[in-house]
Amino acid sequence: MGPIQKGRNFKLYHPVFIGFPEKIKVGDNVVINAFVHIWAGGGIEIGDNVMIASHCAITSTTHNTNSTLFNDENIHQKIIIGSNVWIGAHCVIVPGITIGDNVVIGANSFVNRDLEANAVYVGSPAKKIKAIER
């Protein structure tokens, strides 16, 4: 395993779990707070000026529900998180998701589909509740 590819001013507050750190690319001014779990088997790209609050789970790997045994086969799908994104505490982001720039994701949200730029999302599943003027 290699290190995370990180930009300037990267802050990581322990304890954090990161699986496959060599498959993570992080931009400038990114903060990942304590108790975050990241599984990056499918690759994860994080833009500039991103804040990830505590207790989030971000996974680009899942198990194939069509397998005889669920742990027989993993499915890997890249996650892309844009720039100027704020991910609130206790959020879950599943494989294959793209989050646009200038997005706020409210605490306890479950992100199971792409989120367009310039908006606030909340809930389980996460739904757009407000546009952000840019």
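1. In this predicted model, K128 and E116 form a salt bridge through their side chains, with an N to O distance of 2.8 Å. K128 sits in strand β19 (residues 127-131), while E116 belongs to the loop between β17 (110-111) and β18 (119-122); the pair links distant parts of the chain, 12 residues apart. K128 has a relative accessible area of 41% and is therefore partly exposed. E116, at 47% relative accessibility, also counts as partly exposed, because the class of exposed residues starts over 50%.

2. The strand that carries K128, β19, pairs with β18 in the antiparallel sense, over four bridges. One of the bridge partners to check is A131 in β19, which is matched with A119. The two strands form a hairpin with four residues between them, and G123 in the turn has a positive phi of about 105°.

3. The hairpin strands β18 and β19 also belong to an open sheet of seven strands with mixed pairing, in the order β2-β5-β8-β13-β16-β18-β19. Its edges are β2 and β19; each has a single partner strand, so one side of each is left without a neighbour in the sheet.

4. Further inside that order, β13 and β16 pair in the parallel sense over three bridges. I87 has I105 of β16 as its bridge partner. Leaving out residues up to four places away in sequence, I87 touches I105 and also M51, I52, A53, C56, I81 and I93.

5. I87 is also among the residues with the most contacts inside the largest nonpolar core, together with I38, I52, I81 and I99; this core has 33 residues. At least two core residues come from each of β4, β7, β12, β13 (85-87), β16 (103-105) and β18.

6. How many salt bridges does the structure hold? There are three, and the K128 and E116 pair is one of them. Side chains of opposite charge can pair when their charged atoms come close.

7. Another salt bridge joins R8 and D28, whose closest N and O atoms are 2.7 Å apart. R8 is in the loop between β1 (5-6) and β2 (11-12), and D28 is in the loop between β4 (24-26) and β5 (31-32); the pair links distant parts of the chain, 20 residues apart. Is each partner buried or exposed? R8 is exposed, at 58% relative accessibility, whereas D28 is buried, at 18%. D28 falls in the buried class because the cut-off is under 20%.

8. K78 and E45 also meet in a salt bridge through their side chains (2.5 Å, N to O). K78 is in the loop between β11 (74-76) and β12 (79-81) and E45 is in strand β7 (residues 44-46), so the pair ties together parts 33 residues apart in sequence. K78 is partly exposed, with a relative accessible area of 40%. E45 is partly exposed as well, at 30% relative accessibility.

9. A polar residue to inspect is N64, in the loop between β10 (61-63) and β11. N64 has a relative accessible area of 13% and is therefore buried. What does the side chain of N64 make a polar contact with? The partner is the side chain of E73, at 2.9 Å. With neighbours within four places in sequence left aside, N64 is in contact with F70 and I75 as well as E73.

Key:
Residues numbered from 1 in each chain as written. Predicted model: local features only at pLDDT ≥ 70, side-chain atom pairs only at ≥ 80, totals over all residues. Heavy atoms only, no water. Salt bridge = Lys/Arg side-chain N within 4 Å of Asp/Glu carboxyl O. Buried < 20%, exposed > 50% of the residue type's maximum accessible area, 1.4 Å probe, protein only. Polar contact = N/O pair within 3.5 Å; in protein donor to acceptor, adjacent residues only side chain to side chain. Contact = heavy atoms within 4.5 Å. Core = buried A, V, L, I, M, F, W, Y, C linked by side-chain atoms within 4.5 Å. Pairing = 2+ DSSP bridges.
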